[in-house]
Amino acid sequence: RMFHDDELEESEKFYVGQPRVLLLIYALYNTLVARSEMVCYFVIILNHMISASMITLVLPILIFLWAMLSVPRPSKRFWMTAIVYTEVAIVIKYFFQFGFFPWNKHVDYTKDKPYHPPNIIGIEKKEGYVHYDLVQLLALFFHRSILKCHGLWDEDEKGDSSSNKEDTDDELSLPGGRRDSSASLKSVNLAASVESIHVHFPEQQTAIRRKSSSSISQLSHRSSFSSHRSKRGKYIFKNINHTTLSLSFLQCKLCAVKSHCGLCCFRTLQVYVPIRQFFYNLIHPDYSAVTDVYVLMFLADTVDFIIIVFGFWAFGKHSAAADITSSLSEDQVPEAFLVMVLIQFGTMVVDRALYLKKTVMGKVIFQVILVFGIHFWMFFILPGVTERKFSQNTVAQLWYFVKCVYFGLSAYQIRCGYPTRVLGNFLTKSYNYVNLFLFQGFRLVPFLTELRAVMDWVWTDTTLSLSSWICVEDIYAHIFILKCWRESEKRYPQPRGQKKKKVVKYGMGGMIIVLLICIVWFPLLFMSLIKSVAGITNKPLDVSITITLGGYQPIFTMSAQQNQLKSLDANEFNEFLRSYRGNTAALQFLEGYAREDITRADLEGNSNSLWTISPPSRKKMIQGLLDFDADFTVVLSWTIQRTLEEVYPYYIKAPSDSLAKPIKQLLKGVSPDHGKQGVWENITVSLVKNGSEEGAREWWVLNQLRKRQNTPQESLELFIFSDKVSPPSLGFLAGYGIMGLYASVVLVIGKFVREFFSGISHSIMFEELPNVDRILKLCTDIFLVRETGELELEEDLYAKLIFLYRSPETMIKWTREKT
């Protein structure tokens, strides 16, 4: 070894010999130290998610638009701003906790109001008002101690001294010495401090670039005007010494104080110029550590999209309709769901366009708009729409946290710069089974492949037409899939002359057989099991009977509810089944019903309404009943013959729809009109007249002649067989019926399966390619020359690719195995 120390070796041995739990604690602490910056970000965002006030809103915005955009790390100025701001926020919250403030006298009434001013500002009185602020302050101090430990806390001052020295040397070397004070004042950088103001004279059509180093912060504008830029011949930089600086600054102040407007302009420039210079240096860096995190940003947006789909109710006013399938099955598109989906999808499209154009300026503008827009909408508009505070909306909090992850990735992309080349799909970087199946799944998503291809064509410089572009993309996808299969054949070779193993045959073949059988018999299995296994008992809540004679005033009206609707116990149900022991049709019908599906309704025989009929109508109805040769109808929710024999159905089937039907299989007896189909029950109808001082009152009394419950009083007995209904989550699929499922599911899937098994002979030339490396390289070359701007060469390579697919001989030569 070049360096040997006994104490270090003893320390290393002591560390390795510690228990695993203690070593895990050490590792977690070291991870915390190494990622203390991210810990501070996480605590600040968590504090804002829980508090959701204007006081806590400032630091998250500064994180995404200042700290995460700083190169190589946030400066001391940011951390001091965060620490001081947190301390001030704690003091303000503590001050407004006293009870003498008017809004603190009715805390229980106003604590859930989203637009109550103290709640919006964050000065409301509540328990634990400062807990998360103290944790946030502790995290900030912890990070500051780590920076001090590594000598990174005072890096700005070190950068200033070195920058001043270099700039002074450059200034002395300039011909002609210093410029006059008036010229200096015209180019004073108001972003600088009093100790160091930089004078620069930029030429037109040149880009100011910053110098990135580990010891100089991005916010230190002194370093961005270092003397190294003068070597390019683009800029001339110099520093004014302390005396000239003081005079220039005093002259500027004297000129500004002369008028109030000038003072306001001076203050505005003091704020505007540093911000403008910060973003200008960000867009035009000296050196860029190019990276590509678009995939991670896309995944974050996809997670947010899924949260919106399954939790759309959290972004609307009414949270009761929490099932998106029920809303869509009723052909109702919730407005909140539609707006959120369109906004989320629109941002994903814009992000893809910026990625393809590789424009950092557009990404910066989009980041600023998105950060301010999302925070304004989530914390000021959404609480008013949902009528509840953001801290009480769990789904919105989860959506915001994922969006913060996206903001962090987006800031990292801006800070490092876009990649110079975007070649192919991110799933095509390696050739294994995982990438193969993920890529094929990606291509199976409806319209995703087409939308991506069209967007790539729109926002990429190319000479190819849209059809040619799609042709290249399709060839590349096909060749990639073949490459994955060829690589898998190399990893798992099949010896020549050996039959396929049973594991492969029964594993793959058996799985395909089971899958095809399930597809063929899926509608029958689904419709038979959906109600018998997962069905829900749909018992009646009200049973009403109305009888009308010949279109006259109804003579009988009665309904049964609650305790008049009774379920059969086990003995009654068994007795009911034994009564139909010899009736095959009835037993076959009863197979589909359980005991809980049958309800017995006991309806009182006395009508619950008086019979109010005019004397002429009454006389005419009596004449019609006495005439046995005439037809006279009796309406019992359906039209039957005039006689009251065989009029009562006794057994009613209540299906999932609204049409109740009598059950003929359970009606016993033989009728000369109906044969062996069974007859309905007979009922007696009598008119009761009651005289009183107020006059005669009449009502009808009905009685069923044959009942299972032999009650002495006049009554009607009705058995209701309720069909089970499908669960609400599967109702949209069960509504198609057996034939609908066959037409919409089985036939469509069968068409795709048939295309896979038939027509293989037509694609042998393009499927059975032993070696696709040269074709894959040709496609990659097309992507490469397109990214480098060699559009003429792109046309030539595309023509070569098309000729290759038109010439079978050339294709055979190109795809031979390498010898």
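Q: How many bridges join strand 9 to strand 10 (residues 661-662)?
A: This is a predicted model, in which local features need pLDDT of at least 70, side-chain atom pairs count only at pLDDT 80 or more, and totals for chains, interfaces and linings use all residues. Residues are numbered from 1 along each chain as its sequence is written, while side-chain values use heavy atoms and leave out hydrogens and water. Helices (H or I, at least four residues) and strands (E, at least two) are DSSP runs numbered from the N terminus, and two strands pair if DSSP finds at least two bridges between them. Strand 9 and strand 10 run antiparallel, and the number of bridges joining them is 2.

Q: Which residue in strand 10 does I652 stand opposite?
A: Strand 9 covers residues 651-654, and strand 10 covers residues 661-662. Across from I652, in strand 10, you will find P662.

Q: In which sense do strand 9 and strand 13 (residues 715-722) pair?
A: Look at one partnership first: K653 has F721 as its bridge partner in strand 13. Strand 9 and strand 13 are held together over 4 bridges, and the sense of the pairing is parallel.

Q: Which strands stand at the edges, each with a single partner strand?
A: The open sheet has 5 strands in the order 5-6-13-9-10, with mixed pairing. Each edge strand has a single partner, so one side of it is left without a neighbour in the sheet; these are strand 5 (565-567) and strand 10.

Q: Which residue in strand 6 does K566 stand opposite?
A: Strand 5 pairs with strand 6 (residues 598-604) in the antiparallel sense, over 3 bridges. Opposite K566, in strand 6, is R600.

Q: Which residue in the turn between strand 3 and strand 4 has a positive phi?
A: Strand 3 (residues 542-549) and strand 4 (residues 556-561) run antiparallel and are joined by 6 bridges. One partnership puts V543 with A560. The two strands form a hairpin with 6 residues between them, and the residue in the turn with a positive phi, of about 55°, is G550.

Q: How far apart are the end C-alpha atoms of helix 17 (residues 394-416)?
A: The expected span of a helix is 1.5 Å times one less than its number of residues. Helix 17 has 23 residues and should therefore span 33 Å; the distance between its end C-alpha atoms agrees, at 33 Å.

Q: How many of the 23 residues of helix 17 are buried?
A: Buried means under 20% relative accessible area, exposed means over 50%, and partly exposed lies in between (1.4 Å probe, protein chains only). Helix 17 is mostly covered, and its count of buried residues is 17.

Q: What kind of aromatic pair do F64 and F407 form?
A: Rings of Phe, Tyr and Trp (its six-membered ring) pair if their centres lie within 6.5 Å; planes under 30 degrees apart count as stacked, over 60 as edge-to-face and the rest as tilted. By this rule there are 28 aromatic pairs. F64 and F407 lie 5.2 Å apart, centre to centre, with 55° between the planes, and their pair is tilted.

Q: How many residues apart are F64 and F407?
A: Both F64 and F407 are buried. Their pair links distant parts of the chain, with F64 in helix 4 (residues 54-67) and F407 in helix 17, and the separation in residues is 343.

Q: How far from the centre of the ring of Y406 is the charged end of K403?
A: A charge sits over a ring if NZ of Lys or CZ of Arg is within 6 Å of the ring centre and within 35 degrees of the ring normal. R774 lies over the face of W814 in this way, at 4.3 Å from the ring centre. For K403 over Y406, the distance is 4.8 Å.

Q: Is A52 buried or exposed?
A: Most residues other than glycine have a negative phi, and most peptide bonds are trans. A52 has a positive phi of about 55° although it is not a glycine, and A52 lies in the loop between helix 3 (36-51) and helix 4. Its relative accessible area is 17%, and therefore A52 is buried.

Q: Is F447 buried or exposed?
A: F447 also departs from the glycine habit, with a positive phi of about 70°. This residue is in the loop between helix 18 (433-444) and helix 19 (448-458). With a relative accessible area of 68%, F447 is exposed.
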